[in-house]
Amino acid sequence: MIAGFMVRFAIAVLVISFLVLLIIGVKKIAGKKLSPRTHYLIWFFLLIALTVPFLPGISLSYGSSFFPNLNTTLSPSPRSLTEEEKVVETADRGWMNNFVVSVGQERESVVYLIVGLVWILGILVMGTVTIASFLRLKRLFEASLPLQDAVIRRLFEECKKEAGIKKKIEICSSAYIKSPIVLGTFKPAVILPIQAVKEQSPEEIRYILLHELMHCRYLDIPINYWICLLRVLYWFHPLVWYALREVQNDREVACDASVLTLVGEEQAQAYGETLISYARSVSYPRFSTASAMGGSSRQISRRIKNIAAFQKESIWGHLRSRGILLLVGAAVLAVLPGLTTAASDDEVRLPDSYKVENSLGTYFAGYEGSFVMYDLNQETYTLYNEKDAIKRGSPDSTYKIYSALFALEKGVITGENSKLGWNNTKYPFDSWNKDQDLKTAMKYSVNWYFKALDEKCGLPYLKEKFEKIGYGNKDLSGGISGYWMESSLKISPLEQVELLTAFYRNDYDFNAENIKTVQEAMFLGETEEAALYGKTGTGAVEGKNINGWFLGYIEDQNNHYFFSVNLQKGADCSGSQAADIALKILKGLGIYGN
């Protein structure tokens with residue numbers, strides 16, 4: 001799990017690096033064609049991109065053409081097990097017997113664990129520094145006093161009206177700061193240095209107040225919290241640090257432009273001179289959420305140049321800025337799928353119409369799993385545990401239904417001659433150590449038989465066919481010997497039922513005789529009223545059954561029901577247990593076995 005997240009996060013970091021360079025390039029090329037506010041707003045696309053990898057449950061996908069299938073990259077790699085490890089269960093239970101070969105999974109690389117640990121430690125350190133800065137700012141606010149000067153308080157209210165702000169904002173003074181600051185998200189406050197209150201003219205104080213109030217108007221304080229959080233999460237990324245610093249610099253320039261728009265270009269020099277008086281007067285913690293009028297000499301110099309060149313934005317300039325903003329937004333939107341750390345192909349959509357039967361949970365005692373059934377006459381789905389019903393997992397031996405069909409379509413076997421000779425390799429099940437035809441191979445779930453069919457068909461052909469029928473994630477990258485066995489290929493219980501229904505109706509125009517041959521191989525039993533067809537599947541890792549399947553259909557004179565039971569958690573998540581539960585449910589619903 002850690003390895004999966006770290007790999008996806010690493011890819012997201014690469015995409016983010018590209019975005020930073022893209023935005024810097026666009027800003028550099030556009031230059032003064034963009035308004036100061038647009039220079040600032042462009043960075044918001046980066047803030048969103050930096051946030052996406054940490055949004056829980058976010059899964060973005062625009063198809064597989066833009067980005068590689070991350071699930072492929074992260075599929076567990078089978079490793080060799082001893083013969084003793086391979087045998088999971090051999091008890092004779094008829095067609096419900098488990099003929100399963102366990103696979104191993106490589107342990108998560110220690111490199112991923114170390115990298116993840118270092119990253120988390122960095123977050124803890126940076127988080128501690130940021131919290132300390134926040135607490136220092138909090139103490140600063142608590143030590144400040146409500147401003148008593150009636151003239152400045154009246155001027156403050158006039159500035160609020162001028163800035164179009166109705167929200168209550170406190171104004172205080174403090175002897176512990178050298179530059180005016182604004183802080184607080186829900187209860188914002190402007191804090192003036194006592195020295196400024198005593199020495200600066202009302203006009204200079206008006207500029208100061210308008211600047212700080214603009215931060216309130218444009219919600220710069222909560223945005224600062226956002227930036228601080230991102231700085232903590234991306235503590236290791238110098239390009240992101242540079243970009244976040246530029247966000248704050250552009251914010252101050254945008255704030256200056258907003259003030260000059262209010263007071264008029266003719267007051268730009270006076271406003272600039274007020275700003276110069278706070279050069280190098282940083283009096284707040286470096287990582288704090290406050291916004292201050294002062295800054296480094298480099299920042300002040302840059303702002304003075306922008307103030308000197310300030311011109312009100314024309315309508316054409318406004319349209320041009322918004323057009324460039326939209327283009328950058330579209331570029332960021334295009335790469336968002338590469339930023340998600342959530343797997344994008346692990347879940348599918350629920351059908352438009354279905355009913356949930358929570359009462360079926362009694363059949364799953366001791367297990368976590370799902371039940372899906374499609375009533376062909378009513379064209380309705382019945383689901384138990386819809387969350388698990390749409391979650392993809394390895395199909396294990398249930399894939400053999402389609403392996404057989406594809407082999408028949410290619411002519412590797414025929415309905416009349418499906419026999420393959422045993423290769424004399426000693427397998428853990430006696431029933432495997434003999435020649436097989438399709439019916440016996442399906443009954444005993446003989447891996448070597450279906451592996452031989454797959455090899456004769458070839459991986460390109462199989463991929464084409466799995467693509468054609470839309471089988472789950474259609475990922476055969478796990479290799480021809482085991483792509484279906486707790487490896488790359490994945491499918492949800494809902495998709496299993498949808499696909500089995502399409503298989504039965506021959507929606508994909510396969511040879512009808514081949515469909516019939518596979519159906520005959522899937523036949524499990526019958527009563528006076530109905531016949532049962534199906535296939536079990538068991539996923540075993542490190543000698544433990546972790547994924548149990550039973551899917552099939554009931555064929556009676558009046559209707560057909562397609563179903564799947566999948567078990568994910570429990571003492572023995574095997575195909576035989578899934579079949580046992582499925583038969584009890586079908587009997588309970590009055591569909592089969594009454």
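## Charges over rings

A charge sits over a ring if NZ of Lys or CZ of Arg is within 6 Å of the ring centre and within 35 degrees of the ring normal. With that in hand, let's look at this predicted model. Arg231 meets the criterion: its charged end sits over the ring of Trp241, 5.7 Å from the centre of that ring. Lys410 gives another case, lying over the face of Tyr461 at 4.6 Å from the ring centre.

## The chain as a whole

Stepping back, the protein chain has 594 residues, of which 52% count as buried. Its secondary structure comes to 21 helices and 14 strands. The accessible surface amounts to about 27,600 Å², and carbon and sulfur atoms account for 56% of that area.

Contacts that reach along the sequence are also worth a look. Taking those between residues at least 6 apart in sequence, 72% join residues at least 24 apart.

## A sheet of seven strands

One good place to linger is an open sheet of seven strands with mixed pairing, in the order β8-β10-β9-β14-β13-β12-β11. Its edges are β8 (354–356) and β11 (523–526); each has a single partner strand, so one side of each is left without a neighbour in the sheet. On average, neighbouring strands here are turned by 20° against each other, direction ignored.

Helix α21 (residues 575–588) packs on this sheet, where it touches β9 (368–375), β12, β13 (544–556) and β14 (560–569). The direction of α21 makes about 35° with that of β13.

## From β11 to β14

Let's now follow the strands from the β11 edge inwards. β11 runs antiparallel to β12 (residues 530–541), and three bridges join the two. Here Glu526 stands opposite Ala531 of β12. Next, β12 and β13 are paired over twelve bridges, again in the antiparallel sense, with Gly539 having Asn547 in β13 as its bridge partner. The hairpin of β12 and β13 has two residues between the strands, and Glu542 takes a positive phi near 55° in this hairpin.

How many bridges join β13 to β14? There are eight, and these strands too run antiparallel. Tyr553 finds its bridge partner in β14, namely Phe562, while the hairpin that joins β13 to β14 passes through three residues. As for cover, β13 is mostly shielded, with ten of its 13 residues buried.

## Aromatic pairs and a cluster

A search of the whole structure turns up 32 aromatic pairs. One of them is formed by Tyr399 and Tyr483, which meet edge-to-face, at 5.6 Å centre to centre and with 80° between the planes. Why does this pair tie together parts that are 84 residues apart in sequence? Tyr399 lies in the loop between α14 (386–389) and α15 (400–410), whereas Tyr483 lies in the loop between α18 (459–469) and α19 (493–505), so the pair links these parts of the chain. Both Tyr399 and Tyr483 are buried.

These two tyrosines also belong to a wider group. Ring pairs link Tyr399 and Tyr483 with Tyr402, Phe406, Phe466, Tyr471, Trp484, Phe503 and Phe510 into a cluster.

Methods:
Residues numbered from 1 in each chain as written. Predicted model: local features only at pLDDT ≥ 70, side-chain atom pairs only at ≥ 80, totals over all residues. Heavy atoms only, no water. Pairing = 2+ DSSP bridges. Helix = DSSP H or I, 4+ residues; strand = E, 2+ residues; numbered from the N terminus. Axes fitted to C-alpha atoms, helices over the stretch in contact; angles between N-to-C directions. Contact = heavy atoms within 4.5 Å. Phe/Tyr/Trp six-rings, centres within 6.5 Å; stacked < 30°, edge-to-face > 60°. Buried < 20%, exposed > 50% of the residue type's maximum accessible area, 1.4 Å probe, protein only. Areas by Shrake-Rupley, 256 points an atom, 1.4 Å probe, with all protein chains shown as cover.
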